[in-house]
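Here are my notes for you to read alongside the model. Take the points one at a time, and find each residue on screen as you go.

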Amino acid sequence: APREQSLAMRVYMPEAQAEPLLDGEKPKAVSGLPRGGVSRRACGCAVVVVAVTLCVGMLVPRRCCGPSLLGSPIPSVAEVKAAIAGFTECAVVVQTAYGTHDRLTARACEPFVPDLSVLGGNVIDVTGATPQHEILGFGGAFTESSALVWQALPPLLRQRFIDLYFSEEKGIGFTLGRVHINSCDFSVNSYSFDDVEEDYDLTFFDNEVAHDARTMIPLIRQAQLTATRKIRMLASPWSPPAWMKKNGKMDGSDAPLGLRDQCRNVWARYISKWVRAYESLGVPIWALTMQNEPENRAAWEACAWTPEGAAQWVREELGPVLRNDFPELKIFAFDHNKDHVLEWAEASFSDPPTSKYFDGIAFHWYSGDSFEQLRAIRERWPDKMLLPSEATYEKYRWPEGTELKHGSWSNGEGDAHDMLG
C-alpha cells in the first residue's frame with residue numbers, strides 16, 4: 001500500500017514540544033513508498049480547519065487507549081443532532097472521553113447557572129451574545145497515495161470509507177478538502193501537466209489533467225456525491241514543472257527563491273489553467289495557497305520563497321491573474337510552520353497593494369504551538385482568515401505499543417489541543 005497509515009494525524013502534545021519536527025528534519029522511522037531513493041514523510045490525510053478566530057483551550061495529557069475502548073461505535077453527525085434535538089434551556093454535553101465508552105455521546109442536559117468565577121479557572125460563553133468565532137468546516141487531504149489505496153479497496157469498502165468521512169447520516173460529514181497542484185510527497189512519482197521546456201504560452205498544457213483524472217478526481221467526485229453539504233476545496237502547489245525552476249527538477253529547490261525569474265508570470269497562468277481544468281471536471285476550487293512549505297527545501301517536490309519574494313509574486317503576478325480569471329477564488333499566504341507565521345503575515349498584509357490579494361494565511365503545526373503569533377495576527381488583521389492547512393501524526397511519534405487497527409488516544413487529544421489553542 002502507498003501508505004501504511006493513509007489517514008493518520010500528526011499530534012503535538014505539550015510534553016512533546018521539546019522535540020519538534022524542524023524544517024528538513026527526516027523522521028526517525030517511516031513507512032510508505034520510497035521514491036527515487038528518498039524516504040517520503042510517513043504522514044497521511046491532514047486535517048484542515050478554517051477558523052476566522054482562535055479559541056482558548058486547555059492542555060491535555062498524553063494517554064493511549066486500548067482496543068476495547070477505541071472499538072466503541074462512533075455515531076454519525078445526524079445521530080448526534082437527533083440526540084440533542086429539543087433541548088433549548090440547558091447545555092447539552094456531547095462527550096468523547098478517555099477511559100469510557102463515550103464517543104460523541106450526548107450526556108445529560110445540564111442547566112445554566114451563574115458564572116462561578118470565584119472558583120477560578122476559565123469561563124466559556126456559549127450563549128452567542130458576542131459572536132467572535134466562525135468555523136467554516138473540517139476536512140482532509142485528497143492525495144494520489146490515498147486515492148490509489150481507495151481504488152484498491154473492494155467496491156463496498158470504498159463506499160463505506162466515503163460514507164464515514166463525508167456523510168452526515170453515516171459519518172462525520174467533512175466539508176473541506178485539500179488537493180495538491182502537480183505531484184507532492186504523497187505521489188508515486190513526480191509529474192506536472194506541461195513538461196515541454198520553455199513553453200511560455202502553455203501550448204502543451206494538459207487541459208484534461210489526465211493523471212489526476214485517473215487517480216484523485218474519482219475519489220473527490222465520489223466524496224462530493226456523498227457529502228451532505230458542499231465540499232470546499234483548497235489547492236496547494238508543491239513544485240512548478242521542472243523547467244520553471246532554477247535547479248531544473250521538481251524535487252528540492254535553490255535558495256532563497258526556487259522559481260526562475262523569467263517564469264514568474266507563466267507559473268501564475270499555469271496555476272490558473274489548472275484551476276480551470278479541475279473546474280471543468282466538476283471540482284471547483286474554493287481557495288489556494290501560493291506554495292506548500294515555502295521555507296522547506298525538501299528532498300521531495302519543493303520551491304523555496306522568502307516572505308518578501310512571495311508577497312511580490314502574488315502582488316505582481318498570481319494575484320492579478322487569479323482575480324481576473326476567478327474573482328471569487330481565495331488566496332492564502334505562507335502555508336508552513338506556525339513559528340514563522342507572523343513574519344509572513346507582516347510581509348503579506350502590511351502593504352495594502354499586496355494585502356488586497358490575500359484573504360488569509362495558512363499554517364502547519366510541526367514546529368509547536370506558537371499560539372501567541374496567531375493571536376497577534378487576529379488582533380492586527382481581524383479581516384484575514386486563519387487556516388490550519390496541514391497536521392500529520394507521523395508513525396514514529398506514536399506511543400509505544402500503538403497498532404494501526406486500534407490507533408492512539410493521543411491523536412485526538414493533540415488535534416483538539418491544536419485547534420483550541
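1. Let's start with the cysteines. Is Cys184 buried or exposed? With a relative accessible area of 0%, Cys184 is buried, because the cut-off for that word is under 20%. Cys263 also counts as buried, at 0% relative accessibility. A disulfide is a covalent bond between the sulfur atoms of two cysteines. How many disulfides does a search of the whole structure find? The search comes back with zero. Please keep in mind throughout that this is a predicted model.

2. Now step back to the whole chain. The chain holds twelve helices and twelve strands. Of its 421 residues, 52% are buried. Look also at how contacts span the sequence: among those between residues at least 6 apart, 80% join residues at least 24 apart.

3. Val275 is a good place to see such a meeting up close. This residue lies in helix 7 and is buried, because its relative accessible area of 3% falls under 20%. Which residues does Val275 touch, once its neighbours within four places in sequence are set aside? They are Ile285, Leu288, Phe326 and Leu329. Try a distance on screen too: Val275 and Ala235 are 40 residues apart in sequence, while their C-alpha atoms are 8.6 Å apart in space.

4. Ser145 gives you a second pair to look at. Ser145 sits in helix 3, which covers residues 144–151, and it counts as buried at 3% relative accessibility. Its partner here is Asp185, which is 40 residues away along the chain, with 9.1 Å between the two C-alpha atoms.

5. Next, have a look at the second largest pocket. It contains about 280 Å³ of space. Strand 8 (232–237) and helix 7 (264–280) are the elements that give two or more residues to its lining. There are 14 lining residues, and those nearest the pocket's centre are Lys230, Pro284, Ile285, Trp286 and Glu328. What kinds of residue make up the lining? Nine are nonpolar and five are charged, with no polar ones. Ile285 is worth a second glance, as it is one of the residues in contact with Val275.

6. Helix 11 is good practice for thinking about which way side chains point. An α-helix has 3.6 residues a turn, so residues three or four places apart point the same way. Within helix 11 (residues 371–380), the buried residues are Phe371, Gln373, Leu374, Ala376 and Ile377. What do these buried residues pack against? They meet helix 9 (341–349), strand 11 (360–364), strand 12 (385–390) and helix 12 (409–420).

7. Two loop residues have side-chain polar contacts that you can check. Glu293, in the loop between strand 9 (287–289) and helix 8 (307–325), is a charged residue that counts as buried at 3% relative accessibility. The Glu293 side chain makes a polar contact with the side chain of Asn296, at 2.9 Å. Ser408 lies in the loop between strand 12 and helix 12 and is buried as well, with a relative accessible area of 8%. The side chain of Ser408 makes its polar contact with the side chain of Ser410, at 2.7 Å.

8. Finally, some backbone angles deserve a look. Most residues other than glycine have a negative phi, and most peptide bonds are trans. Leu104 is not a glycine, yet has a positive phi of about 50°. You will find Leu104 in the loop between strand 4 (90–95) and strand 5 (105–111); it is partly exposed, because its 34% relative accessibility lies between the cut-offs of 20% and 50%. Val209 also has a positive phi, of about 35°, without being a glycine. That residue is in the loop between strand 7 (176–181) and helix 5 (210–214), and Val209 is buried, with a relative accessible area of 0%. Where is the cis peptide bond with an omega of about 5°? It joins Ala255 and Pro256, and Pro256 is in the loop between strand 8 and helix 7.

Terms used:
Residues are numbered from 1 along each chain as its sequence is written. This is a predicted model: local features need pLDDT of at least 70, side-chain atom pairs count only at pLDDT 80 or more; totals for chains, interfaces and linings use all residues. Side-chain values use heavy atoms; hydrogens and water are left out. On a 1 Å grid over the protein atoms alone, a cavity is a set of points where a 1.4 Å probe fits but cannot get out, and a pocket is an open set with protein on both sides within 12 Å along at least five of seven lines; lining residues have an atom within 4 Å of a point. Grid points are joined across faces, edges and corners, and a volume is the space filled by probe spheres set on the points. Helices (H or I, at least four residues) and strands (E, at least two) are DSSP runs, numbered from the N terminus. Buried means under 20% relative accessible area, exposed over 50%, partly exposed in between (1.4 Å probe, protein chains only). Contact means heavy atoms within 4.5 Å. A polar contact is a pair of N or O atoms within 3.5 Å; within protein, one must be able to donate a hydrogen and the other to accept it, and residues adjacent in sequence count only if both atoms are side-chain atoms. A disulfide is a pair of cysteine sulfur atoms within 2.5 Å.
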